Amino acid sequence: MRFLIRVVGLLFAMYAALSMIRRVLAAFSPAGHVAATTTVAGHLVKDPVCGTYVPERKAIQASGQFFCSEECRRKFQQLTIEQ
Ligand SMILES: [Zn+2]
């Protein structure tokens, strides 16, 4: 019986140590952090014209950039044509 208690205690200590290591790794891993923020807010892209952050799914994509509105897309294209 004493042996069994020692084995159970050892297993519990190992489990506690493993879950602690996993928690520490998750906190420091950048991939885990990105995954966590992605599920909460969605992937945000920056409008280069007005600087607004827009969810990628709602953004207007043109010439490799993302825009919050049709107006910003037009402004950006006018700017790039002028340069
Ligand atoms: Zn904009």
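Which residues does Ala 59 touch, not counting residues up to four places away in sequence? In this predicted model, the list runs to Val 45, Val 54, Phe 66, Phe 67 and Cys 68. Three of those names, Phe 66, Phe 67 and Cys 68, turn up again in the largest nonpolar core, where Ala 59 and Cys 72 join them to make five residues in all.

Stepping back to the whole chain, the protein has three helices and four strands. Reading from the N terminus, the order is α-α-β-β-β-β-α. Not much of the chain is tucked away: out of 83 residues, 8% are buried. As for contacts with a separation of 6 or more, 10% of them link residues 24 or more positions apart.

Helix α1 takes up residues 2-28, which is 27 residues. From its first C-alpha to its last, α1 reaches 39 Å, close to the 39 Å expected at 1.5 Å a residue. The helix is also hardly covered, with a count of zero buried residues. As a bit of background, an α-helix has 3.6 residues a turn, so residues three or four places apart point the same way.

Back to the strands, and to Asp 47, which sits in the loop between β1 (44-46) and β2 (53-55). Is Asp 47 buried or exposed? Asp 47 counts as buried because it has 20 C-beta neighbours inside 10 Å, and 20 is the number at which a residue qualifies as buried. Setting aside neighbours within four places in sequence, Asp 47 is in contact with Thr 52, Val 54, Phe 66, Phe 67, Cys 68 and Cys 72. Members of the largest nonpolar core, including Phe 66 and Cys 72, are thus on the contact list of this loop residue. Asp 47 and Ile 60 are 13 residues apart in sequence, and their C-alpha atoms are 9.3 Å apart in space.

Another loop, the one between β3 (60-62) and β4 (65-67), holds Ser 63. This residue has 9 C-beta neighbours inside 10 Å, so Ser 63 counts as exposed. Its backbone stands out too: phi of Ser 63 is near 45°, a positive value in a residue that is not glycine. For comparison, most residues other than glycine have a negative phi.

Finally, helix α3 (residues 70-82) contains Lys 75. Lys 75 counts as partly exposed because it has 16 C-beta neighbours inside 10 Å. Along the chain, Lys 75 and Val 49 are 26 residues apart, yet 7.3 Å separates their C-alpha atoms.

Note on methods
Residues are numbered from 1 along each chain as its sequence is written. This is a predicted model: local features need pLDDT of at least 70, side-chain atom pairs count only at pLDDT 80 or more; totals for chains, interfaces and linings use all residues. A nonpolar core is a set of buried Ala, Val, Leu, Ile, Met, Phe, Trp, Tyr and Cys residues joined through C-beta atoms within 7 Å. A residue is buried if 20 or more other C-beta atoms lie within 10 Å of its own, exposed if 12 or fewer, and partly exposed in between; C-beta atoms are placed from the backbone. Two residues are in contact if their C-beta atoms, placed from the backbone, lie within 7 Å. Helices (H or I, at least four residues) and strands (E, at least two) are DSSP runs, numbered from the N terminus. The expected span of a helix is 1.5 Å times one less than its number of residues.
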